[in-house]
Each structure stands twice: as C-alpha cells, then as structure tokens.
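Reader: I would like a close look at a single buried part of this model and its surroundings. Please start from one residue and work outward through whatever connects to that part.

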Amino acid sequence: TEALSSKKTIIIKSWDLRFPELVHKYREDILGYFQPIKEVEKELDEYFAELRSRYELIIGIHMRGGDYKEFMGGRYYYSVEAYSKIITHLNDVYKSKKVGFLIASNERVEQKDLPNVNIEFGPGSEITDLYALARCDLFLGPPSTFGTWASFYGEVPSYTILDAARLPQPEDFKVKETV
C-alpha cells in the first residue's frame, strides 16, 4: 500500500489478470478507443453491403492455423476437414436461410476445400478480418483473443471450438461479455 500511495509508476504484468466488472463498466470507452480508422470502417461497410445483399445469415469462421500447429502441442489446431464438417452441419441447421460463411485464416484456404456451402473470404488484412468477424451474425473458432475480441466488440454470439468432433447447436452461441 505504501508503494501504491507514492507517485512512482507501477507496472503489473500477468496473463491471467482480469477485471470483468471494469470492462463491463467502461465497455463503451474501450470500444471507442479500439474503433477502426475511418478507411477501415468504409472498406467494411462496402464489403458487408455486398455480403448482406446476398445472404440472410453470415457466420464468421476463424480458421486459426500457423502458430496453432505448435501452441499447446497443437491442441486447438483443427484441420480444414474438421472445419468443413462443422460448417456443413451449421449450413444444415440454418437451411431455411441463405447462409454465407466468412472465412478468416492465417493459412491458405480455398473454395474447393469447403464444397457445397457459400464461402466468402475476409477482406484480407488482420485488422479488416478481425472487424469483419465482429460484423457477422454468428462466429466460431478455436480459443483465441482474436475471436474473443470480435465477439465482444461486435456483440456477436460466438462458439469456441474446444473439441472439433462436437457439432455446435444454436444455443451454444453466446456473446463474450468480457475480454
């Protein structure tokens, strides 16, 4: 307490340090601080105007590759085939709507990898892909701060894939309340 009352700078470093009450209280300030620049917003407005003209439901998919092959022994690295099964399942669940799947990935994914569903690829940069996911109607991906932020920022109901063999149900999608 003596150190806290002095005028020195104190730096606290911890991965697990969380303040959900303060995040909730200052949500609007946090969102304002991290709002994309006008050029990015304009690009996303145009991108989504075109997508919304073609789809009734847009489901964002974060296909995290690259470092996830090694991170935690590859525990949350899922094959394109595993994502394809989940995507096909969700396409069947929402078959009464025209569904588009927006893919954001740090690995190369091609339309032929995900047959029989409507696939769109994110605008392309990390920042535009992140904020594109935040504009989707639903979102899913492996455990990642990238996905958590997209859900939190856009208030998008999301599903975290902890087991690629488990097929998500509509009630599994929840908005992330904190980051």
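Author: Cys136 is in contact with Phe48, Arg52, Ile58, Ile59, Gly60, Leu102 and Val156, leaving aside its neighbours within four places in sequence. The model is a predicted one. Cys136 sits in the loop between H6 and S4, and it counts as buried because its relative accessibility is 6%, under the 20% cut-off. Cys136 and Ser125 are eleven residues apart in sequence, and their C-alpha atoms are 17 Å apart in space.

Among the contacts of Cys136 is Ile59. Ile59 is also one of the residues with the most contacts inside the largest nonpolar core, a set of 26 residues. The others named there are Ile61, Ile87, Leu90, Phe101, Leu140 and Ile161. Four elements each supply at least two residues of this core: strand S1 (57-63), helix H5 (80-93), S2 and strand S4 (138-141). H5 gives the most, with five residues. In soluble globular proteins, nonpolar side chains tend to be buried together.

Leu140 shows what surrounds one of these core residues. Not counting residues up to four places away in sequence, Leu140 touches Gly60, Ile61, His62, Ile86, Leu90, Tyr159, Ile161, Pro168 and Phe173. Ile61, Leu90 and Ile161 in that list are also named for their contacts inside the core. Gly60, touched by Leu140, is in contact with Cys136 as well.

There is a second, separate core of 23 residues, which includes Val40, Tyr47, Leu51 and Phe139. Val40 leads back to helix H6, through Thr128. Thr128 is in H6 and touches Val40, Glu43, Leu44 and Pro123, again not counting residues up to four places away in sequence. Thr128 counts as buried because its relative accessibility is 3%.

Helix H6 (126-133) also takes part in a pocket: H6 and strand S2 (99-105) each supply at least two residues of the lining of the second largest pocket. About 310 Å³ of space lies in this pocket. The lining has 16 residues, and the closest to the pocket centre are Ala104, Ser105, Asn106, Glu126 and Asp129. S2 gives the most to this lining, with three residues. By class, the lining residues divide into five nonpolar, six polar and five charged.

Phe139, from the second core, lines the largest cavity too. The count comes to one cavity of 30 Å³ or more, and the volume of the largest cavity is about 40 Å³. Besides Phe139, its lining consists of Gly141, Pro142, Pro143, Ser144, Gly147, Thr148, Ser158, Tyr159, Thr160 and Lys176. S4, H7 and strand S5 (158-160) each supply at least two of the lining residues, and S5 gives the most, with three. The classes here are four nonpolar, six polar and one charged. Tyr159, part of this lining, is touched by Leu140.

Ser144, also in the cavity lining, caps the N-terminal end of H7: one of its side-chain oxygens lies 3.1 Å from the backbone nitrogen of Phe146. H7 covers residues 145-154, and its buried residues are Gly147, Trp149, Ala150, Ser151, Phe152 and Tyr153. Of these, Gly147 also lines the largest cavity. Glu155 follows H7 and has a positive phi, near 50 degrees.

Two loop residues other than glycine also have positive phi values. Met72 has a phi near 50 degrees and lies in the loop between S1 and H5. Met72 counts as partly exposed because its relative accessibility is 45%, and the range for that class runs between 20% and 50%. Asn116 has a phi near 70 degrees and is found in the loop between S2 and strand S3 (119-121). Asn116 counts as exposed because its relative accessibility is 75%.

To return to the starting point, Cys136 is buried in the loop between H6 and S4. H6 supplies lining residues to the second largest pocket, while S4 supplies residues both to the largest nonpolar core and to the lining of the largest cavity.

Conventions: Residues are numbered from 1 along each chain as its sequence is written. This is a predicted model: local features need pLDDT of at least 70, side-chain atom pairs count only at pLDDT 80 or more; totals for chains, interfaces and linings use all residues. Side-chain values use heavy atoms; hydrogens and water are left out. On a 1 Å grid over the protein atoms alone, a cavity is a set of points where a 1.4 Å probe fits but cannot get out, and a pocket is an open set with protein on both sides within 12 Å along at least five of seven lines; lining residues have an atom within 4 Å of a point. Grid points are joined across faces, edges and corners, and a volume is the space filled by probe spheres set on the points. Ala, Val, Leu, Ile, Met, Phe, Trp, Tyr, Cys and Pro count as nonpolar, Asp, Glu, Lys and Arg as charged, and the others, Gly among them, as polar. Buried means under 20% relative accessible area, exposed over 50%, partly exposed in between (1.4 Å probe, protein chains only). A polar contact is a pair of N or O atoms within 3.5 Å; within protein, one must be able to donate a hydrogen and the other to accept it, and residues adjacent in sequence count only if both atoms are side-chain atoms. A nonpolar core is a set of buried Ala, Val, Leu, Ile, Met, Phe, Trp, Tyr and Cys residues joined through side-chain atoms within 4.5 Å. Contact means heavy atoms within 4.5 Å.
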